Amino acid sequence: MGASATPPMHDAPRLAAALARRALDFLLLTLAVLTLLFVALRVTGDPAIVIAGEDADAETLQAVQAQYGFDQPIPVQYARYLGDIVRGEFGDSLASGQPALQSVLDALPNTVLLALLALLTAVICGQPLGLWLGTAPERAGRRMALGAIVFVQSVPGIVVALLLIQLFAVSLNWLPAFGAERPSSWIMPTLTLAALLVPKLARVVAANVTGALGQDYVRTARAAGLAPARILWRHVLPNALLGAVALLGAQFAFLVSGAVVTETIFGWPGLGRLLVQSTLNLDFPVVQALVLVICLLVFVAGALTDVAIRLLDPRIRAA
C-alpha cells in the first residue's frame, strides 16, 4: 500500500527515455509554432512596411528589406530565421529598441510569481475542499457545495477580475487595482487565477478520493483494524493526489501561457500583458522571443510533472 518515493536505479533509463521523448515533442512543437509565426509575419503584409512604417518611401523600404534580408528568397529567409533563433538572436524590439529577448526575460519572473501564487492558493483551498467532498455523505450541504463549485468554474476570469476590482479597489478601497509593486497588489490577480483552479482541483481530488475509498487495499486496511483517519491520510490521500499533481502541472503551463486577460486587466507586467502589447504594436521580434520562452516553460512544467508522477506512483514506473 505504501511505497517509497525513490525509484530503484533500474528505473533511471526509463525516466531518461521518457524525458527524451518529451524533449523531442518539445522540439517538434516549437518548430511548428515558429514556422507558423514565420508564415504569419509574411501573410500580414510586407514586414519591411511594418518596421519602417506605412509612410516610408521606396528607398527606405529597400534599405529595411536589405538590412533584415527580406529581399532574399523565402527558403533563405526561413533558414536565416531559424538560425538566428537557435543562436538566441531575436533582434531588438520595434517598440522600445532594447533586445527582444531581454524584454521577455524581464517580464518572465512576474508571470512565474503570479502562477506560483495561484497554484499555492489553489492547493490550500482546493485540496481540503476536495477531500471533504470525497468523504462527506450525500446530504444537502455537499450538494450545495458541488453546485457552488460548478457555478464558480463557469464564471469567466474577466468577470471575476472585474468583481474583485469593484469590491476591493473601488467600493472598499482596500487593495490597489493595478501594478505589481507591493504584495497587496498581488492579491486580486492571484485570486482571479485561483478561482479558475480551485473548482477543478477540488473536483479531481473528490473524484479520486471517492474512487480510492472503494479499492481493495482500503477494504483490507479496514479489515485489519486501522483507524479511519490513518486510512484516509496514509493510503487514500496519497493516491488521490496523483491526479491532482497532473492537473497542477498542466495548469501551471496554462497559467504561464494563458494569463493574458488577468495580466492585462490588472496591469501586471508579465508575459501575457507583454504579448498583448507586442501583438498590437506588431512587435514581431518580441512576439517570437515570447513564443519560444513560453514553449520552453510549458516543456519544463510538463517534464517536471512527469517526473513527479513517476516518483510518486510505482505502478507507472513498473509499466
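This is a short walk through a predicted model, from its overall layout down to a handful of individual residues.

Let's begin with the whole chain. The protein contains 14 helices and zero strands, and reading from the N terminus its elements run α-α-α-α-α-α-α-α-α-α-α-α-α-α. If you lay the C-alpha trace along its principal axes, the span is about 85 × 60 × 30 Å. Of the 319 residues, 39% are buried. It also helps to ask how the contacts are spread along the sequence: among those with a separation of 6 or more, 70% join residues that lie 24 or more positions apart.

With that in mind, a good place to zoom in is the pair formed by helix 5 and helix 8. Helix 5 covers residues 100-135 and helix 8 covers residues 187-213; the two pack at an angle of about 35°, and their axes are 6 Å apart. Helix 5 passes helix 8 in a right-handed crossing. Sorted by class, the contact of these two helices has 21 nonpolar residues, eight polar ones and no charged ones.

Two residues let you look at this packing from either side. On helix 5 sits Ala122. Its relative accessible area is 0%, so Ala122 counts as buried. Setting aside neighbours within four places in sequence, Ala122 is in contact with Gln127, Ala194, Leu197, Val198 and Leu201. To get a sense of distance, try selecting Ala122 together with Glu181: they are 59 residues apart along the chain, and their C-alpha atoms are separated by 23 Å.

On the other side, Leu193 belongs to helix 8. Leu193 is also a buried residue, because its relative accessible area is 3% and the cut-off for buried is under 20%. Beyond residues up to four places away in sequence, Leu193 touches Leu114, Ala118, Leu255, Ala259 and Thr262. Following helix 8 itself, the C-alpha atoms of Leu193 and Val205, twelve residues apart along the chain, are separated by 19 Å.

Helix 5 also offers a contrast in Leu105, which is found in that helix. Leu105 counts as partly exposed because its relative accessibility is 39%. Leu105 and Phe168 are 63 residues apart in sequence, and from C-alpha to C-alpha they are 31 Å apart in space.

Leu114, one of the contacts of Leu193, leads us on to another residue, since Leu114 is also among the residues touched by Glu263. Glu263 lies in helix 11, which runs over residues 260-265. Here is a point that may catch your eye: Glu263 is buried yet has no salt bridge. Where is the nearest side chain of opposite charge to Glu263? That side chain belongs to Arg273, 7.5 Å away. A salt bridge needs a nitrogen of Lys or Arg within 4 Å of a carboxyl oxygen of Asp or Glu. Glu263 and Arg273 are nonetheless in contact, and the other residues that Glu263 touches, not counting those up to four places away in sequence, are Thr111, Leu114, Trp268, Gly270, Leu271 and Gly272.

So where do salt bridges turn up? The count for this model comes to two. In one, Arg87 pairs with Asp84, with the closest N and O atoms 2.4 Å apart. In another, Arg87 pairs with Glu89, and there the closest N and O atoms are 3.6 Å apart. Arg87 is classed as exposed because its relative accessible area is 53%, whereas Glu89, at 44% relative accessibility, counts as partly exposed. Through their shared partners, these salt bridges join Asp84, Arg87 and Glu89 into one network.

Our last stop is a detail of the backbone. Asn173 is found in the loop between helix 7 (157-171) and helix 8. Asn173 has a positive phi of about 55°, although this residue is not a glycine. With a relative accessible area of 61%, Asn173 is exposed. From this loop you can follow the chain into helix 8, and so return to the crossing with helix 5.

Methods
Residues numbered from 1 in each chain as written. Predicted model: local features only at pLDDT ≥ 70, side-chain atom pairs only at ≥ 80, totals over all residues. Heavy atoms only, no water. Helix = DSSP H or I, 4+ residues; strand = E, 2+ residues; numbered from the N terminus. Buried < 20%, exposed > 50% of the residue type's maximum accessible area, 1.4 Å probe, protein only. Lys, Arg positive; Asp, Glu negative; His and termini not counted. Contact = heavy atoms within 4.5 Å. Axes fitted to C-alpha atoms, helices over the stretch in contact; angles between N-to-C directions. Left-handed = near helix turned anticlockwise from the far one by under 90°. Nonpolar A, V, L, I, M, F, W, Y, C, P; charged D, E, K, R; others polar.
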